[in-house]
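This report describes one protein structure for a first-year student. Look at the sequence and the model below, then read the sections in order.

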Amino acid sequence: MPYLKLSDACLAYGHVPLLDHADFLLDPGERVALIGRNGTGKSSLLAAMAAGSGRGRLDDGEVWAQPGIRVGYVPQEPPFDMEATVFEAVISGMGENASILAEYHEVSHKLGEIDADHDVLLERMSELQHELEARGAWAYEAQAERVIERFGLDPDAKVGSLSGGQKKRLALAQALAVAPEVLLLDEPTNHLDIAAIEWLENLLIESGVTLFFITHDRSFLDRVCTRIVELDRGKLVSFPGSFKDYQLRKEAMLHEEGLANARADKLLKEEEIWIRKGVEARRTRAVFRVQRLDILRAERQARRERMGKVNLQLDSGDKSGKLVAELEHVYKSYGQREIVRDFSTRIQRGDKIGLIGPNGAGKTTLLRLILDEIKPDSGIVRQGTKMDIAYFDQFRTQLDPNSTLSDVISPGSDWVDIGGARKHVIGYLEDFLFAPERARSPVSSLSGGERNRLLLARLFAKPANVLVLDEPTNDLDIETLELLEELLQTYDGTLFLVSHDRTFLDNVVTQTIAAEGDGTWKEYAGGYSDWASYKASVVKDAVKPKVEAKPVVKAAEPAQVKGEKMSWKEQRELETLPGKIAGLEAEQAELTKRLEDATLYQTDPASAQQASDRLAAIDDELMILLERWEALEARTGNSV
């Protein structure tokens, strides 16, 4: 029996239907990712599912929830009382028990104060204890304390004092405090740094909770989801398997759809020509053709075309000097906290640099030092020449909520100069998927993803040979992310990118500056995966001597001496390795095929989990066998 069911759902804002008689089932054990273009109604769908049984927030149709099921919901921007404590916020979803638990927590803290009236407090605590016992609510307090500790939060901190990442953790803690069987998450990775995102991935997988979540983070999606559902033109389409599988199937579907539409349009055109012939078309024996023409016209009118792609163009203008910036032994502190300690680097024209590190590490501060927006406490910063800098601010402070879209792009003018050509501002906004009628709308009417698109449109409206992008990927849909990646890959200026999107970093940057802790920053070649592999190898090398100290390893060491012949046993081992590797690869292919079947998660979630765990183990076993094969192959010349 499914946990949640959406039947014949309809929802529209204005004349555009976001849900057009859509259906969906969420079965126990599934982790389903909901994807789609910005503005297609994903958040509205999730909110309707969270509203529970009945129509909820739908115009028509029904949301059904299994009776008694506990559902946790984390919206994209969770509403919090800024004056409440973390503990109060976490227990706020526990119904009538929340106020009693909050008071009990407050009284227990006051008992620790020296000047408190302990007799009165003890009497009140006793009353609260009896009430909690009568309601069976002690488990709620224990659960609240566990999740607060698990998310690394201070239970007595005010919500208003938390950072964006801490508030996201608080929202997740609040949802998990009720021990939900189903968790609905809207962009859970926004405002989280990479370490926190990876921690959340592990938490969600290990918890076994059934998930329905919205994300544009492709690494998170690939790691967590067991099925992808796309919301496209009001319909929900399911794609079992990984994101790569989805891309291949989606491309094939769009190709077939294009061919079918082209055939229908050709037939309609031929019938329109025929009907205009007059007398011949009015003969009784041709009535069926007139009726078919009416059907073709109705079908063409009802067809919803796929939303176009963003047309991204970036003019790098005149080249900057070969040197963009050079830092020598730079230090920067705020109070007692050292943000940058003894950092040196040389950045040249055309470099594409990613900055990675936890929230609060000082990525923006380091960027401002490189761009000479702030001065170091000590050290030297040299700036290049002829630099035209465009800056994408993650908080979108460059956007005035009261300004119209056209004023943001080209204040006081109806034209934009792009690559030496003039373009009307309305046509330019259409390149970024803003309809002409929205050109005079205020910025405040836009969604988060639309504001990001507008800020990109503003940046790209002027030539820039140095581009600074601070978290540009938040709220952008996957298709726009991929187009932005392609644009930045061919950009011949200098790029600075701050992002927690691991896939985006890997696809764009050529070198990385990473926070190592205590104000230390180091440079690495490649993107995030290259940095992560290097750090993993450092950890592996650090523990390697302990492994080599074991007697078994010591006994094997002589076989590694250059020039020593292979033993008969090692030769036999080398002969059997290809068969073992082939066997593991066959098992890997079979498991992958099994896991692509969405019904497996519905009918036998335990078996699906075992298959997933075995698939991960096979990767490790293959790596060990391949490394052993390579080592023995390298010594085959010494055995003759």
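## Nonpolar cores

Leaving aside residues up to four places away in sequence, Val90 touches Ala144, Val147, Ile148, Leu170, Ala173, Gln174 and Ala177. The model is a predicted one. Its largest nonpolar core has 56 residues, and within this core Val90 and Leu170 touch the most other members. There is also a second, separate core of 47 residues, whose members include Leu312, Leu314, Leu456 and Leu469.

## Helix α6

Two of the residues touched by Val90, Leu170 and Ala173, are among the buried residues of helix α6. The others buried in this helix are Gly165, Lys168, Ala171, Leu172, Ala175 and Leu176.

Helix α6 covers residues 164-176, which is 13 residues. At 1.5 Å a residue, the helix should span 18 Å. Its end C-alpha atoms are 19 Å apart, so the expected span and the model agree.

## Strands β1 and β4

Strand β4 consists of residues 60-65, and its side chains alternate. Gly61, Val63 and Ala65 point to one face and are buried. Asp60, Glu62 and Trp64 point to the other face and are not buried. In general, the side chains of a regular strand alternate between the two faces of the sheet.

Strand β1 (residues 4-13) is joined to β4 by five bridges, and the two strands run antiparallel. One pair of bridge partners is Ser7 and Glu62, the latter in β4.

## A sheet of three strands

What is the order of the strands in the open sheet of three strands? The order is β11-β10-β13, and the pairing is antiparallel. Strands β11 (337-348) and β13 (378-383) are the edge strands, each pairing on one side only. On average, neighbouring strands of this sheet are turned by 15° against each other, direction ignored.

Strand β10 (residues 323-334) is joined to β13 by five bridges. Leu327 has Val381, in β13, as its bridge partner. Helix α11, made of residues 363-370, lies across β10, β11 and β13 and runs at about 130° to β10.

## Salt bridges

Side chains of opposite charge can pair when their charged atoms come close. How many salt bridges does the structure hold? It holds 26 salt bridges. One of them is between Arg218 and Glu485, with the closest N and O atoms 2.5 Å apart. Arg218 lies in helix α8 (residues 218-224) and Glu485 lies in helix α15 (residues 478-490), so this pair ties together parts that are 267 residues apart in sequence. Both Arg218 and Glu485 are buried.

Another salt bridge is formed by the side chains of Asp232 and Arg233, at 3.0 Å from N to O. Buried means under 20% relative accessible area. Arg233 counts as buried because its relative accessibility is 16%. Asp232 also counts as buried, because its value is 12%.

In a further pair, the side chains of Lys423 and Asp431 meet at 2.5 Å, N to O. Asp431 counts as buried at 13% relative accessibility, whereas Lys423 is partly exposed, with a relative accessible area of 27%. Salt bridges can also share partners, and in this way Glu198, Glu201, Asp217, Arg223 and Arg502 are joined into one network.

Technical notes. Residues are numbered from 1 along each chain as its sequence is written. This is a predicted model: local features need pLDDT of at least 70, side-chain atom pairs count only at pLDDT 80 or more; totals for chains, interfaces and linings use all residues. Side-chain values use heavy atoms; hydrogens and water are left out. Two strands pair if DSSP finds at least two bridges between them. Helices (H or I, at least four residues) and strands (E, at least two) are DSSP runs, numbered from the N terminus. Axes are lines fitted to C-alpha atoms, for helices over the stretch in contact, and angles run from 0 to 180 degrees between N-to-C directions. Contact means heavy atoms within 4.5 Å. Buried means under 20% relative accessible area, exposed over 50%, partly exposed in between (1.4 Å probe, protein chains only). A nonpolar core is a set of buried Ala, Val, Leu, Ile, Met, Phe, Trp, Tyr and Cys residues joined through side-chain atoms within 4.5 Å. The expected span of a helix is 1.5 Å times one less than its number of residues. A salt bridge is a side-chain nitrogen of Lys or Arg within 4 Å of a carboxyl oxygen of Asp or Glu.
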